[in-house]
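Student: I should like to take a close look at a single part of this structure. Please guide me through it step by step.

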Amino acid sequence: MSQAVAPVRHVLIEGNKSYHNITEDLCTPTEKAPSREWIIAFSIASAFLGLYIFAIVWTVWKGIGSWNLNRTVNWGWDITNFVWWIGIGHAGTLISAILLLFRQRWRTGVNRAAEAMTIFAVICAGQFPVFHMGRVWLAFFIFPFPNTRGPLWVNFNSPLLWDVFAISTYFSVSLLFWYTGLVPDLATVRDRASGFRRKMYEIFSFGWTGSAKHWQRHEALSLVLAGISTPLVLSVHTIVSFDFATSVVPGWHTTIFPPYFVAGAIFSGFAMVQTLMVITRKVLKLEEYITLNHIESMNKVIVLTGTIVGVAYLTELFISWYSGYIYEQFAFYNRVFGIYWWSYFGMMFCNVVSPQLFWSRKIRRSIWWTFFLSIVVNIGMWFERFVIIATTLARDFLPSSWSYYSPSWVEICIFAGTIGLFFVCYMIFTRVAPVVAIAEIKAILKVAGDQYIGPNATKQVHGHSHSETVKKDH
Amino acid sequence: MAAESKKVLYGLYNDEEDLKGAVKTANAAHLNIMDVFTPFPVHGLDPILGLKESRLHILGFIYGACGATFGFLAMTWIFTSDWPIVFGGKPFWSVPAFIPITFEMTVLFAAWGMTITFYTVCGMWPGVKAKTLDNRITDDKFCIAFDVTGAPDSDVKNLQGFFTNTGASEVNVKMM
């Protein structure tokens, strides 16, 4: 290794690794008995899941009247939580698809977990519109199918129906993308297992052998799925924003909504990925795969998207003033200084001010700051959706119907419960499947080390010797 | 592939560069490789193995086009002939409002069609038993396999010599 060393890129896999070390490190969490921390955390999450089931049964039994929605504010915590979870569900596909197309290698350390998170977040999101329907046993009416009611069809002109299509497509395509990526790694776990576990992994790994032709097709499939998931992920939150933007309600009827919602979704999604990654890498001892460089890269995305969201907030205020339309002006005056002023300031502080701390490299690379700010951003993005929904509805065109909305205990329990549902799913996932994509990490092992070698080093160098060099450099 | 048992001679390599070198040597010696198994996709392997580019993406386009056509025509038929309803005085055939669902159907059909095709052409489904030559192939070994069913001993010797010369760390025979 005599070439000049140019540290243009960071090392993405730390430590002196062979391919076998990677298999060991990443498969072990699925093989050994759960740690005490895992059991405690899982029990807490399960308790919240129990709370969720209780609150849902209560809602279905008593009816939607057990929520505090009223005639004026007919969307409250339910739709706030729905949009919040859907937003969180955007990071996975963004990391796997868009970063794949941009050839960002650091995605490899975090894509698997982020995709899993996406799927669980979309499951949580789906609960809210479904149970808000009231007569949930008729929920299948939202799908267009030949029926004995006419046949009476759904309204294809309605953004709420577009949402049905967008979210169900997004969920199923994310699931395919995630699972297809998982199959070779499940085969790795299978080939290390014995007895009953081996039987189970044999079923779930679909008979994967690692044949060259299969890998070629697998890569072709992943690339095209990434290519079509990219516009898909942008379309989903665009369509969610259409739920508001196509109405004629001041404060909702704005053309800025689609890009502003998409940026907000990426922002909140990355915040949730950070929350999970900071814990996961510590508990599963994956610090060498989910490195500080990964965390820093994600923090850079957070400061970028947080700033975009901030610009969107200010643009909204400016345009409402500039429009000269008093209803629009009132809607925004009311948002900032009205009855829900605290949520507006919470949103501004959490989403616009707090991520600016990430301009400091030291804070970007601090685990504690990252964790703390990721929680702050999650809270801020919840406030954003609450601001958009509740403040707008509570002060509508007709002052005689103005009202105030605060959630009932049932709504609070459902929201807290979906967090339990999310963590139960995620924690089961960390026990049964490799949290970091094993095959993908192996494929970049040499390249992630080669980044330290000058331009003349065109010849592939064999693994072990240069990873030592990399370690020294690091 | 075949249901009857096949005799397979395979060698394991420790590094993908050794594997690629060995495949090139095999090509030069006109040895007929049955298959190559690796723990991860090895770049640059496909051309030397003579694998043609996968046509999966072409199928993806066709599935997507079917989805778009189906979605758009279904909405058109429902709203213009099966049960026309006036929404806010708009035309029955309100094309711009059909775009989001048409797009989603395109993605849905392309993704599901390609994935199902992928698993089908690879012969992979839940419950399919993997014809694994060695458990370490999904870990850190790179494998070249030859079909030696009914081959004369001299051929097998020749292949074993090939594995030794190209730096294989292990050579084994397995019936499958």
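Student: What distance separates the centres of domain 1 of chain B and domain 2 of chain B, taken over C-alpha atoms?

Tutor: In this predicted model, the centres of domain 1 of chain B and domain 2 of chain B, taken over C-alpha atoms, are separated by 45 Å. Domain 1 consists of two stretches of chain B, 7–52 and 129–175, while domain 2 covers 56–121.

Let us turn to the sheet of chain B. Four strands make up this open sheet, in the order S2-S3-S1-S4, with antiparallel pairing. Strand S2 (35–37) and strand S4 (170–175) of chain B are the edge strands, each pairing on one side only. From one strand to the next, the twist averages 25 degrees. Strands of a sheet pair through backbone hydrogen bonds, either parallel or antiparallel. In chain B, strand S1 (residues 7–13) and S4(B) pair in the antiparallel sense over six bridges, and Gly11(B) stands opposite Val171(B) in S4(B). Helix H5 (residues 153–165) of chain B packs on the sheet, where it touches S1, strand S3 (142–147) and S4 of chain B. The direction of H5 makes about 10 degrees with that of S1(B).

The contact with the other chain completes the view. Here 55 residues of chain B are in contact with 52 residues of chain A. On the chain B side, the elements that give two or more residues are S2, helix H2 (45–49), helix H3 (56–82) and helix H4 (95–121). H4(B) gives the most, with 16 residues. By class, this side of chain B has 35 nonpolar, 10 polar and 10 charged residues.

Definitions and conventions: Residues are numbered from 1 along each chain as its sequence is written. Chains are lettered from A and ligands numbered from 1 in the order in which they are written. This is a predicted model: local features need pLDDT of at least 70, side-chain atom pairs count only at pLDDT 80 or more; totals for chains, interfaces and linings use all residues. Domain bounds come from an automatic or database domain assignment. Two strands pair if DSSP finds at least two bridges between them. Axes are lines fitted to C-alpha atoms, for helices over the stretch in contact, and angles run from 0 to 180 degrees between N-to-C directions. Two residues are in contact if their C-beta atoms, placed from the backbone, lie within 7 Å. Ala, Val, Leu, Ile, Met, Phe, Trp, Tyr, Cys and Pro count as nonpolar, Asp, Glu, Lys and Arg as charged, and the others, Gly among them, as polar.
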